[in-house]
Amino acid sequence: MRMTAVHETNLLIVGAGPAGIAAAVMADSLGMRSTLIEAGQVGGKLHHIGALENMPGNWQTGPALADALAADIARITQSARCRLLRGCAVRVDGHDHHVEVGLDDGQVLTAAAAVVATGVTTLAPQHTDWVTVPEGLWAPPLWRACPEDLHGVTYVIGADRPLGTWLRAHPHVQRTLNVLCPPEDDYKAAEVATDDRVRLLPVSRVVVMEARHSQGGWEIRAESRSGEQTAYVASTVLNNLGNRPSALKGLVQGSDGYCPPDQQHPRVLIAGDLRSARFQRIITAQGSGAQAALARYYGTALVTA
Ligand SMILES: Cc1cc2nc3c(=O)[nH]c(=O)nc-3n(C[C@H](O)[C@H](O)[C@H](O)COP(=O)(O)OP(=O)(O)OC[C@H]3O[C@@H](n4cnc5c(N)ncnc54)[C@H](O)[C@@H]3O)c2cc1C
């Protein structure tokens with residue numbers, strides 16, 4: 001069944017994180033009409049970063065920056081050129097003369113080009129080869145956890161960088177985080193090794209199961225790097241495995257799941273974290289979003305420059 005187009009604009013921008021917002025602001029400044037599609041909160045991941053690093057402008061926290069960027073979107077949506085659409089995109093298709101973005105409610109939006117800036121999403125244990133968890137176990141991500149979410153003995157699966165962010169965001173919280181660290185996270189674990197709230201447990205494999213005693217909680221069976229088995233009991237288990245790209249159907253993905261900008265349809269531009277695991281910073285997300293809008297304005301040469 002062919003679905004009908006319900007909206008036309010110069011540029012469709014999927015994702016209102018730092019990358020998508022920068023694309024929208026740049027498009028507006030160039031006089032282009034854009035539709036910014038956001039499934040969650042305007043500001044994206046910023047809402048969950050308790051302590052910011054690497055950001056010019058002396059921004060201390062993600063929510064403060066997110067509020068400022070949301071104000072930019074509120075300002076430009078008052079000009080009739082930018083429209084904010086609440087919805088979840090499921091696919092993007094480039095054609096000779098236009099692009100189509102399909103939403104999960106069946107709408108299909110069309111435009112001359114699209115910027116896809118959907119970022120990354122939390123990697124679940126099921127997506128790794130070193131963690132086994134019972135079906136249905138939802139280990140909440142560390143980077144969203146408040147200190148009051150940590151009950152009793154806390155184990156963290158994986159030593160990805162949100163660990164350092166969490167420790168910096170909560171400098172006065174005196175809780176021990178028992179961090180199960182696979183070899184591939186060793187270099188990130190080294191960045192927090194001097195924090196005495198972190199107890200690093202180098203492992204090669206981990207199996208999490210419900211504890212058999214009546215108080216509930218979890219039993220964790222860990223295999224050390226030398227093959228020794230150790231059992232731990234945890235009241236709280238948090239996921240800190242890292243991320244995987246939130247790619248839409250229709251995009252070209254590399255072997256790691258990311259979407260290289262230079263391999264897409266010429267009318268489909270990729271910005272922000274979705275490009276590569278190597279460029280996941282707010283300022284590069286903003287730069288790539290602004291560049292994507294400029295690339296569309298001047299032709300596609302800037303995309304591969
Ligand atoms: C804990 C933590 C700490 C960090 N600390 C720093 C730091 O100190 N300094 C730094 O530079 N970077 C930091 N980062 C990285 C930074 O947050 C990212 O690089 C940045 O947010 C990427 O911006 P983005 O716009 O590409 O993606 P995101 O911020 O992830 O935004 C993507 C947006 O797309 C939306 N979206 C996703 N899928 C769809 C869909 N299908 N349809 C519609 N909308 C969709 C999402 O809801 C979201 O709003 C940190 C990240 C984390 C998790």
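Which residues does Ile 13 touch, not counting residues up to four places away in sequence?

## Contacts of Ile 13

In this predicted model, Ile 13 touches Gly 20, Ala 23, Ala 24, Ser 34, Thr 35, Leu 36, Ile 37 and Val 115, once residues up to four places away in sequence are left out of the count.

## Two nonpolar cores

In soluble globular proteins, nonpolar side chains tend to be buried together. Here the largest nonpolar core has 30 residues, and Ile 13 is among those with the most contacts inside it, together with Leu 11, Ala 24, Leu 65, Ile 73 and Val 115. Two or more residues of this core come from each of the strands β1 (5–14) and β6 (108–116), and likewise from each of the helices α1 (18–29), α2 (62–78) and α5 (282–298).

A second core, separate from the largest one, has 20 residues, including Leu 137, Val 203, Ile 220 and Val 237.

## Aromatic pairs

The count of aromatic pairs comes to two. In one of them, the rings of Tyr 155 and Tyr 232 have centres 5.3 Å apart and planes at 40 degrees, an angle that is neither under 30 nor over 60, so the pair is tilted. Because Tyr 155 lies in strand β9 (residues 154–157) and Tyr 232 in strand β13 (residues 229–234), this pair ties together parts that are 77 residues apart in sequence. Both Tyr 155 and Tyr 232 are buried.

The rings of Tyr 297 and Tyr 298 have centres 5.1 Å apart, and their planes stand at 75 degrees, so this pair is edge-to-face. Tyr 297 is partly exposed, with a relative accessible area of 42%, whereas Tyr 298 is exposed, with a relative accessible area of 59%.

Methods: Residues are numbered from 1 along each chain as its sequence is written. This is a predicted model: local features need pLDDT of at least 70, side-chain atom pairs count only at pLDDT 80 or more; totals for chains, interfaces and linings use all residues. Side-chain values use heavy atoms; hydrogens and water are left out. A nonpolar core is a set of buried Ala, Val, Leu, Ile, Met, Phe, Trp, Tyr and Cys residues joined through side-chain atoms within 4.5 Å. Buried means under 20% relative accessible area, exposed over 50%, partly exposed in between (1.4 Å probe, protein chains only). Helices (H or I, at least four residues) and strands (E, at least two) are DSSP runs, numbered from the N terminus. Contact means heavy atoms within 4.5 Å. Rings of Phe, Tyr and Trp (its six-membered ring) pair if their centres lie within 6.5 Å; planes under 30 degrees apart count as stacked, over 60 as edge-to-face and the rest as tilted.
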